[in-house]
Amino acid sequence: MTLATLPAFLSSAAHPTIADVLAAQARLDGTVVRTPVGEYAELDRATDAAIVVKHENQQRTGAFKARGASNLLLSMSDAERARGVVAYSTGNHAQGVAYAARLTGTACTIVMPDDPNPVKLRAVLDQGADVLLHGATFDDARGQAAALAQDSGARLVGAANEPAIIAGVGTLYLELFQQAPGLDVLVVPVGGGSGAAAASLVAAAVAPHTEVIGVQSTASPAAHDSWHAGTLVERANTTRAEGLAVGCGFEVTQALMREHLADFVLVSDDQITAAQHLYLTGAHTVAEGAGAAALAAVVADPERFAGRRVGIVCTGGNASADELRRALA
């Protein structure tokens with residue numbers, strides 16, 4: 001058994017449904033922001049498509065992860081929350097869990113890789129969570145968090161194999177299909193896969209004619225390769241887009257993506273940086289690397305998307321100063 005299938009209580013049968021997403025929408029009312037959508041002439045010109053952007057960079061904590069984490073912690077019993085939670089993350093999942101823990105009065109420890117994005121680290125600490133820095137990558141942090149949870153009895157909160165997190169993330173896609181009906185295609189960035197799993201689940205239920213495509217970095221292609229192989233694989237994990245920096249596939253999200261996702265593509269880190277630049281100059285929008293990946297995929301394949309109404313999610317705006325300087329260079 002690999003860490004991608006841990007902990008044991010997250011079995012392959014524990015898949016969320018559209019009913020779980022609807023329940024999450026009611027549960028999260030007033031807790032998360034109904035983020036806006038935007039349409040921008042510069043993005044349309046750059047892609048030859050009609051682009052609709054869902055601005056999860058304007059979500060609480062600056063990223064979509066607040067939805068899933070809040071749904072999970074609000075779903076826990078008082079006794080479960082009393083044991084505390086432990087999470088692992090390169091940043092946005094950490095912020096989401098820390099936000100939800102503060103909201104629910106739950107003790108929270110976050111394990112992040114060494115040398116994290118300082119913007120994300122400060123935000124986690126500002127939410128009152130304890131932070132442990134461990135290892136060079138997301139995968140190193142994941143192993144340390146699992147050991148810490150086992151020793152302490154706290155609830156390990158992963159970013160992928162968590163049905164309640166996927167259901168919470170699904171609320172953003174319910175909103176998007178209400179705000180922008182008639183999308184031909186929806187492009188979603190993938191790290192652990194909660195976003196693409198949620199998007200494909202919701203689209204199958206409420207917009208079955210919308211094609212859903214996942215996108216990941218060529219420098220960290222584990223989810224992409226797992227989906228195409230039909231089995232969980234591990235791959236090198238070197239992307240500078242923190243939200244995509246995952247070195248293995250995950251059981252629950254992969255199962256949902258295999259059932260509903262139309263395609264899964266790769267873009268380079270340089271293409272992601274160029275998309276960040278386009279967001280800044282063409283939509284006056286700050287997107288971190290993962291948040292710009294969907295736009296990068298549309299720009300990279302104009303023939304596929306030309307003339308189509310394309311939904312993309314700017315999943316987060318927690319870009320470091322170095323990221324922004326690189327994007328504007």
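**Exercise 1. What is the mean pLDDT of the protein chain, and what share of its residues reach 70 or more?**

Let's start with confidence, since this is a predicted model.
- Step 1: The chain has a mean pLDDT of 94, and 96% of its residues reach 70 or more.
- Step 2: Now look at residues 1-13, where the pLDDT is below 50. Beyond near neighbours in sequence, this stretch has 24 contacts in the model.
- Step 3: Where pLDDT is low, the predicted coordinates should not be read in detail.

**Exercise 2. Find the largest cavity and describe its lining.**

- Step 1: The structure holds four cavities of 30 Å³ or more, and the largest has about 290 Å³ of space.
- Step 2: The lining of the largest cavity is made up of 28 residues. Nearest its centre lie Phe64, Lys65, Gly191, Gly192 and Gly243.
- Step 3: Two or more lining residues come from each of α5 (92-104), α9 (194-206) and α13 (289-300).
- Step 4: Sort the lining by class, and you get 14 polar, ten nonpolar and four charged residues.

**Exercise 3. Thr61 and His284 each have a positive phi: is each one buried or exposed?**

- Step 1: Here is the background: most residues other than glycine have a negative phi.
- Step 2: Thr61 is not a glycine, yet its phi is about 70°. Look for Thr61 in the loop between β2 (50-55) and α3 (65-75).
- Step 3: Buried means under 20% relative accessible area. Thr61 counts as buried because its relative accessibility is 17%.
- Step 4: His284 is not a glycine either, and its phi is about 50°. His284 sits in the loop between α12 (269-282) and α13.
- Step 5: Exposed means over 50%. With 73% relative accessibility, His284 therefore counts as exposed.

**Exercise 4. Which residues of helix α11 are buried, and what covers them?**

- Step 1: Go to residues 251-260, which form α11. Its buried residues are Val252, Thr253, Gln254, Ala255, Leu256 and Met257.
- Step 2: Among the elements that cover these buried residues are α8 (163-179), α9, α10 (222-229) and β9 (263-267).

**Exercise 5. Describe the surroundings of Thr47.**

- Step 1: Place Thr47 in helix α2, residues 41-47.
- Step 2: The relative accessible area of Thr47 is 1%, so this residue is buried.
- Step 3: Check the Thr47 side chain: one of its polar atoms lies 2.8 Å from the backbone oxygen of Leu43.
- Step 4: Leaving aside residues up to four places away in sequence, Thr47 touches Leu295, Val298, Val299 and Ala306.

Definitions and conventions:
Residues are numbered from 1 along each chain as its sequence is written. This is a predicted model: local features need pLDDT of at least 70, side-chain atom pairs count only at pLDDT 80 or more; totals for chains, interfaces and linings use all residues. Side-chain values use heavy atoms; hydrogens and water are left out. On a 1 Å grid over the protein atoms alone, a cavity is a set of points where a 1.4 Å probe fits but cannot get out, and a pocket is an open set with protein on both sides within 12 Å along at least five of seven lines; lining residues have an atom within 4 Å of a point. Grid points are joined across faces, edges and corners, and a volume is the space filled by probe spheres set on the points. Helices (H or I, at least four residues) and strands (E, at least two) are DSSP runs, numbered from the N terminus. Ala, Val, Leu, Ile, Met, Phe, Trp, Tyr, Cys and Pro count as nonpolar, Asp, Glu, Lys and Arg as charged, and the others, Gly among them, as polar. Buried means under 20% relative accessible area, exposed over 50%, partly exposed in between (1.4 Å probe, protein chains only). pLDDT is the predictor's confidence in each residue, from 0 to 100. Contact means heavy atoms within 4.5 Å. A polar contact is a pair of N or O atoms within 3.5 Å; within protein, one must be able to donate a hydrogen and the other to accept it, and residues adjacent in sequence count only if both atoms are side-chain atoms.
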